[in-house]
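Hi,

Here is the structure I said I would pass on. Have a look at it first, and my notes follow underneath.

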Amino acid sequence: MYAPKKTVRGLLKLCSTLPLFVLGSVLPLDAQLPMRSDSVRGDTLVYLLRGVEVTATRTAREVFLTPASVSVVTAIDLREKSAESVTDLFRTLPGLDVTGVGVQQPRPVIRGLRGQRILLLQDGIRLNNARRQQDFGEVPALTDINTVERVEVVRGAASVLYGTDAIGGVVNVITKRPEEAGVHGLLGYRYGSANELHRTTARVSGREGALTFEAGGSWRTAGAYVAPAGTFGDITLVGDQAVANTGVDDLGLDARLSYQLAPGHEVFVRGDRYRADNAGFGLVEPDAYAPGTPRIEITYPDQRFNKISAGYMGQGAWGLADRVEVVGYGQKNERSLAFDFFQGFGPQAPPGAGITIDTDNFTNLVTFGGRLEAKKLVSNVLLTYGVDGFHDRSENTDHSVTTVSGFGPPQVEESSLSNVPDATYRSLGAFAQAEFELTHLTLIGGVRAQSLNASAQAAPALGLGAVDRSDRAVVASLNAIVPLADEWSLVGTVGRGFRSPNLIEWFFEGPVPEAGAYQVRNPDLQAETSVSVDLGVRYQGPRASAELFAFRNQLSNGIRTEVRGDTIQGLAAFQPTNIDKLTYEGIEASAQLGLGAGFTAAGTFTHLASKDVLRPDNPTGESFSNRITGTLRWDEPQGRFFAAYDVRHNGQQKDVDLASNPLGDILPAFTVHDARVGARLRVGQRSEERLTLGVANLGNALYAEFSNASFFRPEPGRSLTVTLESVF
């Protein structure tokens, strides 16, 4: 509920030297920060962005004056760092991390929390999938990266404004809006050597009078990348190894049309379509590093996602509101999932003897939802209030084949029972927030009431009758910012978050091949809750900028799968249970400094610690414990050329229980180096050609991001990315 005393003392001690913190060194303050001419800079810091409407408060304000822990990634950052997913830059942002491998599967991690504990949005519309497992949130790849204007990340609970799942934070992917009159376009091509990636992009946008439009698409194909030979922990690869199922063949299309009915009144409609084939979880063949261990292959043969949204935004004097936004949407998410599991019976058994489990699942999730939000200024108090809701309908089919071989004719057992019955998941919430602008203080307080209901149809073959479950929650938050001077501000936040169990946790029952176990449903699960506290300081001067936050997030009634002590179908039985009480606390720092002659230095530091309050001896580390990043960048005065060098170091993580995992007893430290250069050449009055070259993993090191290490899925070796764009 509070920042640890030592953490707070350390924070106050660092405040006096914070402007000079860059890469751990004190550097001369002899130049202005270089700015790119076509947009604001984001990089790893947030304080240079002006007047951005951030998800933390739903009010347009400078991020420097926003009373919350917020990170922002801009479209320029994504382009110049050759990102294939909006999460690719999270590895260099304070407090953030990524789980998943390949070009399509990475998902966000915020302060050690991931999956369904992070809420993913596109333009404020929920993308989280109620059919996903707890540790697997929806993939941000549903949004074409070329449509992204910026990505706003709230680090910490944000349930007051956004409801369930925002227990650890929010990632809001905000798409571009045409601003200039006339017709404009972009043609682009990208090549990546790591996985023979080819991406082709075409976009057109414009504004003609009261009408604006934006449309385009990207087609991408990528194969499995190759990890380099080397040693990581106790694992040694004697030669380069392909990491199977890390590629994808996908296509994204989108279009948006808006019309200004009158000054201050606009309507819009937007459509999105995404198709992905041949994606996967990632796999290094066990024989390459740990012969005899189970072979677990998880693939996503196809995914189809279609969404349409429409809305109205208006300003006027309407009594109860000065501004109103109404948005409605419908989306359909179809996904296939395949598990292939093999475990040999050991050296004493006949050659090839073992058990094979092949499972195929198909899910069709249809969602309808909407949000009504109003703002009203009363004296010096800005009120934001409204209602939101969504309705998910999930239909599922399963087919599994279990084969025992090696002892005469194979013994085959086949089943077509669905492990999750057809079900619905409904939510309705109401929220209110008040912003008080006092002489030397800004206060923002909010409250939300939310009701959720999940209903499963009767499934006699599964021994399940009709089940109806409900959750209700009331949460609140208080944010404050105190300007200490023109260049300094103090930030404090406290908020309560919650996450209702999803359909998998409430209703799934059946074998889980990747765990070699059998999950028993638990329709009596209760919602998880959290209390998140932040204390921070920001500095914004003419030649340097920085911020430092100490945080603590305590998760109660957490859902954990517990071993029951019996077996079902020959597999150890376990069941989701409300048992965890976890704390996550740490320090996040970032800074940027102008060095003169076009050079800029920047750096971040994050310390993250987690603890199981009820079982202190139970390891809980799933992400890094300490991470340092640094960047040295040069910009040509006219903004035509740039060059940058990046370094990232993850310290070792000892707070893990890897048991008999071949990796060893700890997650070992690693350091990664990257470099990139770019050019922007103007042709005529309206056209511009862009070229960006990037080299990742310069040292060709074998390493795995910590969330991908225990199920060993290393990152690519040294690779080149080339991006060409023509803008008109």
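Let me start with one side-chain pair: threonine 604 and threonine 629 are joined by a polar contact of 2.5 Å. Keep in mind throughout that this is a predicted model. Threonine 604 sits in strand S34, and its relative accessible area is 1%, so it counts as buried, the cut-off being under 20%. The two threonines are also bridge partners, with threonine 629 in S35.

That pair belongs to a run of strands worth tracing. S34 covers residues 599–612 and S35 covers residues 626–635; the two are antiparallel, with nine bridges between them. S35 then pairs with strand S36 (residues 641–650), again antiparallel and over nine bridges. Within that pairing, threonine 631 has aspartate 646 of S36 as its bridge partner. Five residues separate the strands in the hairpin of S35 and S36, and glycine 639 there has a positive phi near 75°.

Next, a sheet from earlier in the chain. It is open and mixed, with five strands ordered S3-S9-S10-S7-S8. Which strands stand at its edges? They are S3 (70–74) and S8 (125–126); each has a single partner strand, so one side of each has no neighbour in the sheet. The partner of S3 is S9 (residues 148–155), in an antiparallel pairing with five bridges. Valine 73 is found opposite valine 151 of S9 there.

Val151 turns up again in the largest nonpolar core. That core has 43 residues, and those touching the most other members are Leu78, Phe90, Val151, Val153, Val171 and Ile298. Several elements give two or more residues to the core, including S9, S10 (169–175), S7 (118–122) and strand S33 (571–596). The top contributor is S20, with four residues. A separate core of 30 residues lies apart from this one, and Ala454, Phe498, Phe508 and Leu525 are among its members.

Now for the empty space, which may be the part you want to probe yourself. How many cavities of 30 Å³ or more does the structure hold? There are 12 of them.

The largest cavity has about 970 Å³ of space. Its lining takes in 42 residues, with Lys81, Ser82, Asp88, Arg91 and Ala696 the closest to the centre. S35 and S36, the hairpin strands from above, each give two or more residues to this lining, as do S11 (182–192), S37 (670–683), S38 (687–696) and S39 (719–727). S37 has the largest share, at four residues. Sorted by class, the lining is made up of 15 nonpolar, 15 polar and 12 charged residues.

The second largest cavity has about 260 Å³ of space. It has 25 lining residues, and Ala56, Ala157, Ala158, Ser477 and Asn479 are the ones nearest the centre. S9 comes back here too: along with helix H3 (159–162), S27 (467–483), S28 (488–499) and S31 (528–540), it supplies at least two of the lining residues. The class split for this lining is 11 nonpolar, 11 polar and three charged.

If you want a place to begin, two strands link the topics above. S9 pairs with S3, gives residues to the largest nonpolar core and helps line the second largest cavity. S35 pairs with both S34 and S36, and helps line the largest cavity.

Cheers

Terms used
Residues are numbered from 1 along each chain as its sequence is written. This is a predicted model: local features need pLDDT of at least 70, side-chain atom pairs count only at pLDDT 80 or more; totals for chains, interfaces and linings use all residues. Side-chain values use heavy atoms; hydrogens and water are left out. Two strands pair if DSSP finds at least two bridges between them. A nonpolar core is a set of buried Ala, Val, Leu, Ile, Met, Phe, Trp, Tyr and Cys residues joined through side-chain atoms within 4.5 Å. Buried means under 20% relative accessible area, exposed over 50%, partly exposed in between (1.4 Å probe, protein chains only). A polar contact is a pair of N or O atoms within 3.5 Å; within protein, one must be able to donate a hydrogen and the other to accept it, and residues adjacent in sequence count only if both atoms are side-chain atoms. On a 1 Å grid over the protein atoms alone, a cavity is a set of points where a 1.4 Å probe fits but cannot get out, and a pocket is an open set with protein on both sides within 12 Å along at least five of seven lines; lining residues have an atom within 4 Å of a point. Grid points are joined across faces, edges and corners, and a volume is the space filled by probe spheres set on the points. Ala, Val, Leu, Ile, Met, Phe, Trp, Tyr, Cys and Pro count as nonpolar, Asp, Glu, Lys and Arg as charged, and the others, Gly among them, as polar.
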